[in-house]
Structure formats: structure tokens, C-alpha cells
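Visitor: I should like to be guided through this structure by means of questions and reasoned answers. Where shall we begin?

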Amino acid sequence: MTDATTTAAPGRKSLRPLAFLLPFVRPYIWHSVGAGIALLLAAATTIGMGRGLQAVVDQGFVTSNPQLLDHALLVMLGVILVLAGSTYVRFSLVSWVGERVVADIRRAVFDHLVTLSPGFFESTRTGEVLSRLTTDTTLLQTVVGSTVSIALRNTLMLMGGLIMLAITSAKLTGLVLIVVPLVVLPIVILGRSLRKLSKASQDRVADVGAQVDETLGGIRIVQAFGHEAIETARFGERVEDAFTTAVRRIRVRALMAMIIISLVMGAIGVILWIGGHDVLAGRISAGQLSAFIFYSVLVAGAVGAISEVTGELQRAAGAMERLVDLLETKADIVAPPNPVALPTPAIGTVAFEGVRFHYPARPDHAALEGLDLTVAPGETVAIVGPSGAGKTTLFQLLLRFYDPQDGRVLVDGVDVRTATPADVRARLGIVPQEAVIFSTNAWENIRYGRPEATDEEVRAAARAAHALDFLEALPEGLGTYLGEKGVRLSGGQRQRIAIARAILRNPKILLLDEATSALDAESERGVQLALETLMKDRTTLIIAHRLATVLNADRIIVLDKGKIVASGRHEELIRQGGLYARLAALQFDAAGGTANGAPKEEGEAAE
Ligand SMILES: Nc1ncnc2c1ncn2[C@@H]1O[C@H](COP(=O)(O)OP(=O)(O)OP(=O)(O)O)[C@@H](O)[C@H]1O
């Protein structure tokens with residue numbers, strides 16, 4: 001398939017990425033073969049019609065034979081039936097393959113995307129990935145589902161038409177052949193700039209998508225800061241950019257169509273004039289000239305159609321190139337060839353040994369610097385430290401979203417780099433500061449912790465997380481749709497769902513990032529009780545923001561600039577003075593020691 005289109009269109013090299021479609025088309029080879037046969041049949045029938053026309057003109061009109069006209073009509077009807085039937089078969093098969101291939105590509109790209117490490121998504125905008133999965137794949141669908149077949153059909157018409165032209169009149173065909181390069185040359189030249197403009201145009205559309213994603217994603221902040229007008233103006237600019245780029249592409253495209261039509265039609269006019277003289281001089285028959293015109297129109301139409309779809313093929317080649325880029329992006333975090341099995345049953349130990357780490361985006365800034373930490377099974381370690389100290393980074397390394405540049409991270413005594421990431425993550429449960437809620441109901445959101453859990457287990461987890469009461473009070477109980485990203489829930493409710501999810505997962509090691517946002521006393525108590533249930537009999541690392549948490553911890557470690565600067569129990573550390581005492585005075589109500597331990601500091605999240 002691809003080979004034929006490559007020969008059909010100029011700019012061979014630029015269409016090469018379309019070859020990556022082949023593995024996706026291969027499973028549906030029989031559909032493609034069927035479509036190919038239908039295509040051949042339709043092309044042959046169309047080409048045959050020229051001969052019929054010649055016969056009717058020469059024998060029907062010139063010899064005034066009405067019977068022959070009747071015959072011609074019957075043949076014509078047969079031809080129309082074959083043409084219609086084969087078009088039906090070709091269209092349905094080709095479109096089916098187009099849709100199927102795109103469905104497969106979308107799945108392949110998405111399947112691959114979810115395996116890429118978070119580092120990739122820091123350097124790639126979600127809007128761009130989104131546009132690749134939607135716009136780029138839709139382009140490919142047009143190509144596989146119609147453009148390729150248009151290009152193929154017209155290539156056949158072009159070749160068949162040229163052969164028939166030569167048979168009908170060698171002299172006139174010679175003239176046509178002089179014209180062809182004249183037509184092809186501008187296509188090649190303009191086609192190149194069209195390709196560049198098409199890519200630019202798609203990039204601008206991706207910008208538009210990215211902006212929508214960002215603005216709507218942060219709509220509350222946009223409105224809270226009164227940035228509507230600024231966002232509107234910025235969006236307006238993006239849209240206008242996309243429009244201007246599209247207009248430049250359209251101009252080149254229109255110019256291309258105009259040049260081609262003038263050249264082709266002009267040439268046909270000249271040929272008609274010469275051919276007309278030949279008929280008058282008796283050198284060829286009227287039927288021959290009719291057939292010649294028929295074939296010329298066919299050939300011109302084919303050249304026109306090919307030039308039309310060339311741009312589309314080139315755009316699709318660009319789209320395929322971008323998709324292949326995505327598909328070929330290697331995940332940074334993969335299982336080693338011979339992964340070490342973690343001990344069973346799980347022990348629940350965690351260790352950092354001389355860990356030095358910087359984020360890929362900031363090679364000059366160490367997020368963790370020679371960090372050593374060992375956590376015993378069942379121990380609760382509270383991590384405190386100023387903002388940016390590296391608390392969250394500890395979790396990211398444990399979950400193996402990144403690998404440290406130096407040192408080792410161990411879970412149950414096994415270096416996480418030597419084990420399968422999924423095995424390591426299966427031992428860990430995480431409750432992030434901002435609970436992630438998916439746009440579905442509570443059943444699905446809690447079951448995220450363990451997809452095979454029964455309804456009863458989900459309810460039990462919700463109960464243990466002190467979430468069952470409020471969930472059952474929703475209009476449709478646990479089946480109530482929670483809104484996109486859980487917008488229909490309060491902050492505390494979202495947290496309790498995240499806790500229920502972790503309870504259901506039942507991990508040996510818990511990673512908790514306490515919310516900084518102040519909750520009302522009732523919600524706070526619910527979350528606190530839920531956490532206590534969750535932490536029972538597990539190793540827990542908790543980024544602490546509440547007094548109750550640090551008071552209950554077996555050990556507190558104080559992190560500053562990626563290093564552990566102190567560790568011990570609350571009273572000890574307060575006695576020592578230093579960073580912890582200062583932090584505690586600021587962050588926890590150390591002096592008053594309120595029962596719920598709500599931080600004095602106001603939370604960042606305004607929800
Ligand atoms: N994805 C990232 N790319 C580059 N640098 C990062 C990234 N994430 C965090 N950092 C940097 O690494 C350092 C440690 O960040 P980390 O998120 O671990 O801090 P933290 O102690 O959890 O802070 P907070 O209490 O504010 O959440 C900071 O200096 C931060 O700017």
C-alpha cells in the first residue's frame with residue numbers, strides 16, 4: 001500500500017514515516033487485499049468506458065445504427081453496476097481498516113504513555129500529548145481510510161489512462177507527455193513548503209489545546225485571581241496564531257490547485273485543437289478523438305486528485321513521525337533483565353543508603369544529598385522540614401519514579417533498581433497531600449486500591465476510613481458520580497476516599513503526605529481517625545504537618561536542603577532547639593498543644 005502511494009506522490013523521502021503504518025495494517029491484510037481487488041475492478045471498468053465511448057461514436061453515430069446504441073446502454077448499465085458494487089466494497093473495507101488502524105495506534109500510544117516515568121511528563125506538555133492522540137491519529141485515519149485509496153485509484157487511472165491514450169493516438173499522447181512534467185514540477189516545489197506549513201499549523205493547534213487544558217484545569221485559580229481577561233487574551237492570541245498559520249498553508253494550497261488546473265486545462269485545449277484538425281483531415285476518427293478526450297480528462301483528474309492528496313499524505317507523514325517519536329520514547333524506569341524477587345511475606349523495611357539525587361530538570365541542584373535512613377518494620381517515622389527540603393522527593397524515590405545518581409534505596413532489603421517496579425510499588429501505599437479522585441463514582445475510586453475487591457470489601461474500607469457515612473448520604477450512595485477530579489467533594493472527603501483506597505490496598509509500607517489545608521474540626525477528626533486505622537501494623541513514613549502526628553510518631557526526622565539534620569522524639573528535639581524547635585513553633589501549635597493538632601499556618605488550598 002505504502003509503496004504505491006510513495007511512487008504516486010512527489011517528495012518520496014518525506015512520506016517515509018508512513019511506512020510505520022505497515023505493522024498496524026498487517027493484521028488486516030485480507031481487508032486490504034479485498035479493497036485492492038475492488039479498486040482494480042473499478043479502475044478497469046472506468047478505463048474500459050473510454051473504449052465503449054469510442055465504439056458508440058464511431059459505429060453508432062457515424063453509421064447511424066440505433067441497435068448499437070441499445071446495446072451500448074445495456075453494457076453501460078452492467079458497467080455501472082460493477083462500478084457501484086466495487087466502490088461500495090472498497091469504501092467500506094478501506095474505511096473499516098482506517099478506523100481499526102487508528103484505534104490500534106491510539107491504544108498502542110496510550111499503552112506506551114502510561115509506562116513512561118513522571119520525568120517524561122515534566123518535559124512534555126499534556127496538551128501536546130493529547131493532540132497527538134486525537135488530531136494526529138485522526139489525520140492518519142483519513143489517510144488510511146481514504147487518502148491512500150484515492151491516491152491508489154488515481155495512480156491506476158493515471159497509468160491506465162496514459163496507456164489508453166497511447167493506444168488511441170500516439171501523436172497526441174506525445175504532446176500530453178510533454179505537459180506532464182510541467183504539471184508535476186510545481187507540485188513538487190509547492191508540496192515542500194506545504195509540508196512545512198502543515199507542521200507549523202498543527203503545532204499551533206496543539207498550542208490551542210494546551211492552553212485550554214491549562215486554563216480549565218486551573219479554573220478556580222484563574223477566577224480567584226481575576227485572570228479571565230488575561231487568559232482570554234492569551235487564548236485569543238493562540239487561536240489567531242493558529243488561524244494565520246492555517247491561512248498561509250491555505251494560500252499555498254490554493255495556488256497549487258490554480259496552477260495545476262490552468263496547466264492541465266490549457267493543455268487539454270491545445271490538444272483538442274490539434275486533434276480537431278486531425279479529425280477534419282481524416283487522420284483519426286471522431287470516436288478516437290472522443291475516447292482521447294475522455295482519457296485526457298481521466299488523466300488530468302487523476303493528476304489533480306493526486307496533487308490534492310499529496311498535501312494530506314505529507315501531513316499524515318508528519319503526524320506519523322510524531323506518533324512514532326512518542327512510541328519510541330524509552331521509559332527511564334524499567335525492570336532489569338533478571339529482576340530480584342522481593343522477600344515474601346513482606347517485611348516492611350525501608351532504607352536509604354548514601355542517596356544523592358537531583359531531578360533531571362535541575363542537574364545543578366541536589367534535592368537529596370548523601371541521605372541515610374533506615375526504617376524498621378511497623379515503625380512510624382514523621383518527616384518534617386521546610387518547604388523544598390526534599391520530603392516529597394523521598395517518596396518519589398521509594399516509588400521509583402526516579403533513580404538516585406548515587407547510593408541505594410531499599411525496600412524489604414532489596415535495592416529497588418534490581419526489582420520489578422510493579423513489585424516494589426505493590427508493597428507501598430500512598431496517600432498524597434492532594435487526593436487524586438478520578439471522574440467516576442466512589443466504588444471505582446476506592447476499588448482503585450485493589451481492582452478485584454468485592455463490594456463488601458470496598459464498603460469495609462470506606463467504613464474504616466470514616467468515609468462510609470458521607471458517601472451513603474450522597475444521592476446515589478457509593479454509586480454517585482463524584483465529578484471531574486472529585487470537584488463535588490470537600491477536601492477532607494477526598495482525603496478519606498484516598499485513605500479508603502490505601503486501606504483496601506493493604507500495603508506493608510505506607511507513604512502519607514498530610515494535607516496542609518486546614519479542615520474543619522469534624523472533618524479533621526474523621527481524617528485523623530481514618531489515618532490511625534490505616535497506620536496500624538504498618539511501616540509508615542509520614543510528611544507531618546500536624547502536632548498530633550509528630551507526637552505519636554516513633555521517630556521524627558528533620559530534613560533540610562536534602563540532608564537529615566536531626567532525629568528523635570518531639571520533646572527531645574524541642575529541647576535541642578535548632579531547626580525543629582523553630583519549625584514546630586511556626587507550624588504546630590507547640591505551646592498550646594491543641595487536641596486536633598491543626599496547623600497554625602493557613603493552608604494553601606482554597607477549596
Ligand atoms: N520535578 C522536579 N523537577 C525539578 N526539581 C524539582 C522537582 N520536584 C521538586 N524539585 C526540587 O527539589 C527540591 C525538593 O523538593 P521536594 O518536593 O522534595 O520538597 P518538599 O520538602 O516536599 O517541599 P514541600 O513541603 O514544599 O512539598 C526542591 O528544591 C524542589 O524545587
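**Sheet, helices and ligand shell**

Guide: We may begin with a helix on the sheet: α16 lies across β6 and β7 and runs at about 170° to β6. This is a predicted model.

Visitor: In what order do the six strands of the open sheet stand?

Guide: The pairing within this open sheet is mixed. Its edge strands, each paired on one side only, are β6 (428–431) and β10 (563–568). Neighbouring strands are turned by 20° against each other on average, direction ignored. The order of the six strands is β6-β7-β8-β3-β9-β10.

Visitor: Which strands of the sheet does α11 touch, and what angle does its direction make with that of β7?

Guide: α11 packs on the sheet, where it touches β3, β6, β7 (509–513), β8 (539–543) and β9. Its direction and that of β7 make an angle of about 145°.

Visitor: In which sense do β3 and β9 pair, and which residue of β9 stands opposite V384?

Guide: Strand β3 (residues 380–384) pairs with strand β9 (residues 555–560) over four bridges, in the parallel sense. The residue of β9 opposite V384 is V558.

Visitor: Which residue of β8 stands opposite A382, and which is the bridge partner of L510?

Guide: β8 pairs with β3 in the parallel sense over four bridges, and with β7 in the parallel sense over five bridges. On the β3 side, A382 stands opposite I542. The bridge partner of L510 in β8 is T540.

Visitor: How many residues of β8 are buried, and which of them point one way and which the other?

Guide: β8 is mostly covered, with five of its five residues buried. In a regular strand the side chains alternate between the two faces of the sheet. In β8, T539, L541 and I543 point one way, and the other way point T540 and I542.

Visitor: Why do the buried residues of α14 line one face of the helix?

Guide: The buried residues in helix α14 (residues 455–464) are V458, R459, A461 and A462. Seen down the axis of α14, these residues line one face because they fall within an arc of 160°.

Visitor: What covers the buried residues of α14, and which residue with a positive phi follows the helix?

Guide: The cover over the buried residues of α14 includes α13 (442–447), α15 (468–472) and α16 (491–505). After α14 comes a residue whose phi is positive, near 55°, namely H466.

Visitor: Is V411 buried or exposed?

Guide: V411 lies in strand β4 (residues 406–411). The cut-off for a buried residue is 20 or more other C-beta atoms within 10 Å. V411 has 27 C-beta neighbours inside 10 Å, and therefore counts as buried.

Visitor: Which residues does V411 touch, and what separates its C-alpha atom from that of A351?

Guide: Not counting residues up to four places away in sequence, V411 touches L342, V350, L398, V416, V424, R427 and I509. A351 is 60 residues from V411 along the chain, and the separation of their C-alpha atoms is 6.6 Å.

Visitor: What are the positive phi values of R400 and D412?

Guide: R400 lies in the loop between α11 and β4 and is buried, with 20 other C-beta atoms within 10 Å. D412 belongs to the loop between β4 and β5 (414–415) and also counts as buried, with 23 C-beta neighbours inside 10 Å. Neither residue is a glycine. The phi of R400 is about 55°, and that of D412 is near 50°.

Visitor: Which residues does a cis peptide bond join, and what is its omega?

Guide: P345 has its place in the loop between α10 (286–328) and β1 (350–357). The cis peptide bond joins T344 and P345, and its omega is about -5°.

Visitor: How many residues surround the ligand, and which helix contributes the largest share of the shell?

Guide: The ligand is surrounded by 13 residues, of which the closest are Y359, S387, K391, T392 and T393. By character, the shell divides into four nonpolar, six polar and three charged residues. The largest share, three residues, comes from helix α11 (residues 391–398).

Notes: Residues are numbered from 1 along each chain as its sequence is written. This is a predicted model: local features need pLDDT of at least 70, side-chain atom pairs count only at pLDDT 80 or more; totals for chains, interfaces and linings use all residues. A residue is near a molecule or strand if its C-beta atom, placed from the backbone, lies within 6 Å of it. Helices (H or I, at least four residues) and strands (E, at least two) are DSSP runs, numbered from the N terminus. Ala, Val, Leu, Ile, Met, Phe, Trp, Tyr, Cys and Pro count as nonpolar, Asp, Glu, Lys and Arg as charged, and the others, Gly among them, as polar. A residue is buried if 20 or more other C-beta atoms lie within 10 Å of its own, exposed if 12 or fewer, and partly exposed in between; C-beta atoms are placed from the backbone. The arc is that of the directions from the helix axis to the C-beta atoms. Two residues are in contact if their C-beta atoms, placed from the backbone, lie within 7 Å. Two strands pair if DSSP finds at least two bridges between them. Axes are lines fitted to C-alpha atoms, for helices over the stretch in contact, and angles run from 0 to 180 degrees between N-to-C directions.
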